[in-house]
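Subject: Handing over the structure

Dear colleague,

I am passing this structure on to you, together with some notes on what turned up when I went through it. Please have a look at it yourself before reading on.

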Amino acid sequence: MAELSDIEISRLKQAFRSYDCDNSGNISTLELLPLMQSYGIDAREEEINSFLKAHDKDCDGSLDFQELMDGMKPIIVAHRIQVEGLLAAFNRFDRDKSGTISHGELLEVMADQKEDVSNLDILRFFKEADVDGDGEINFMEFSRMMCCMRHSSHY
């Protein structure tokens, strides 16, 4: 498995310190839920308890930093890989490397891929993706649409 970067470790340490409300040097079940949510993980109480049980190596009912890092490592690495994949996909569409995707670039890529998508579908996608209404799709808008499409068969 891939290792965590120095930045990822630093961010996790910062989160650990922020959510260790009682400054015990350990994260309790109550502190773990908001920490997980800060990483975009919408976990239920039983999932939090399961996570704690699986990674609480010294069986003290809480997680020290190393236990938390061991548990979070696969989650953080998976997230990094997902973001890197989204960035690679975005860069395939951003042909002029401007940091945004124009309607023309979207049309070109779809044509090159020989995708059977109508111009109307592309216009609809573009209109929905362009949240800020500036006429182009930035990386955040692209990521949002790709994640939404994953959970829907809309397009």
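Which residue's side chain meets that of Asp112 in a salt bridge? The partner is Arg95, and the two side chains come together with a distance of 2.4 Å from N to O. Before I go further, please keep in mind that this is a predicted model, and that the values below are computed from it.

To place that pair, Asp112 belongs to helix H5, residues 103-112, while Arg95 sits in the loop between H4 and strand E1 (100-101), so the salt bridge ties together parts that are 17 residues apart in sequence. Asp112 has a relative accessible area of 46% and is therefore partly exposed, and Arg95 is likewise partly exposed, because its relative accessible area is 38%.

The structure holds seven salt bridges, and I would draw your attention to some others as well. Glu8 and Arg80 meet through their side chains at 2.7 Å, N to O, and this pair links distant parts of the chain, since Glu8 lies in helix H1 and Arg80 in helix H4, 72 residues apart. Are these two residues placed in the buried or the partly exposed class? Glu8 counts as buried because its relative accessibility is 15%, under the 20% cut-off for that class, whereas Arg80, at 22%, counts as partly exposed.

Another salt bridge joins the side chains of Arg44 and Glu46, with 2.8 Å from N to O. Glu46 has a relative accessible area of 47%, which means that Glu46 is partly exposed. The pair is also part of something wider, as Arg44, Glu46 and Glu47 are linked in a network of salt bridges. As general background, side chains of opposite charge can pair when their charged atoms come close.

Turning from charges to the interior, the largest nonpolar core has 20 residues, and those that touch the most other members are Leu12, Leu32, Tyr39, Phe51, Leu68 and Met72. Which helices each supply at least two residues of this core? They are helix H1 (6-19), helix H2 (29-38), helix H3 (45-55) and helix H4 (65-93), and H4 gives the largest share, with six residues. In soluble globular proteins, nonpolar side chains tend to be buried together.

On the surface, there is a patch of negative charge in which Asp96, Asp132, Asp134 and Glu136 gather. Of these, Asp134 is found in the loop between helix H6 (119-129) and strand E2 (137-138), and Asp134 counts as partly exposed because its relative accessibility is 45%.

Some loop residues deserve a look at the backbone. Asn23, whose place is in the loop between H1 and H2, has a phi near 55 degrees, a positive value in a residue other than glycine. Cys59, in the loop between H3 and H4, also has a positive phi, near 55 degrees, and is again a residue other than glycine. As for their surroundings, Asn23 counts as exposed because its relative accessibility is 65%, and Cys59, with 67%, counts as exposed too.

Finally, a few distances may help you to find your way around the model. Ser98, in the loop between H4 and E1, is partly exposed because its relative accessibility is 43%, and Ser98 and Asn138 are 9.4 Å apart in space, C-alpha to C-alpha, although 40 residues separate them in sequence. His103 is found in helix H5 and, at 22% relative accessibility, counts as partly exposed; between His103 and Phe93 there are 10.0 Å from C-alpha to C-alpha, with the two residues 10 apart in sequence. How far apart in space are Glu115 and Ile9, C-alpha to C-alpha? The separation is 41 Å, and in sequence the two residues are 106 residues apart. Glu115 itself lies in the loop between H5 and H6, and Glu115 counts as partly exposed because its relative accessibility is 45%.

With best wishes

Technical notes. Residues numbered from 1 in each chain as written. Predicted model: local features only at pLDDT ≥ 70, side-chain atom pairs only at ≥ 80, totals over all residues. Heavy atoms only, no water. Patch = residues over 30% accessible without salt bridge, like charges linked within 9 Å, V, L, I, M, F, W, Y side chains within 5 Å. Areas by Shrake-Rupley, 256 points an atom, 1.4 Å probe, with all protein chains shown as cover. Salt bridge = Lys/Arg side-chain N within 4 Å of Asp/Glu carboxyl O. Lys, Arg positive; Asp, Glu negative; His and termini not counted. Charge placed at Lys NZ, Arg CZ, Asp CG, Glu CD. Helix = DSSP H or I, 4+ residues; strand = E, 2+ residues; numbered from the N terminus. Buried < 20%, exposed > 50% of the residue type's maximum accessible area, 1.4 Å probe, protein only. Core = buried A, V, L, I, M, F, W, Y, C linked by side-chain atoms within 4.5 Å.
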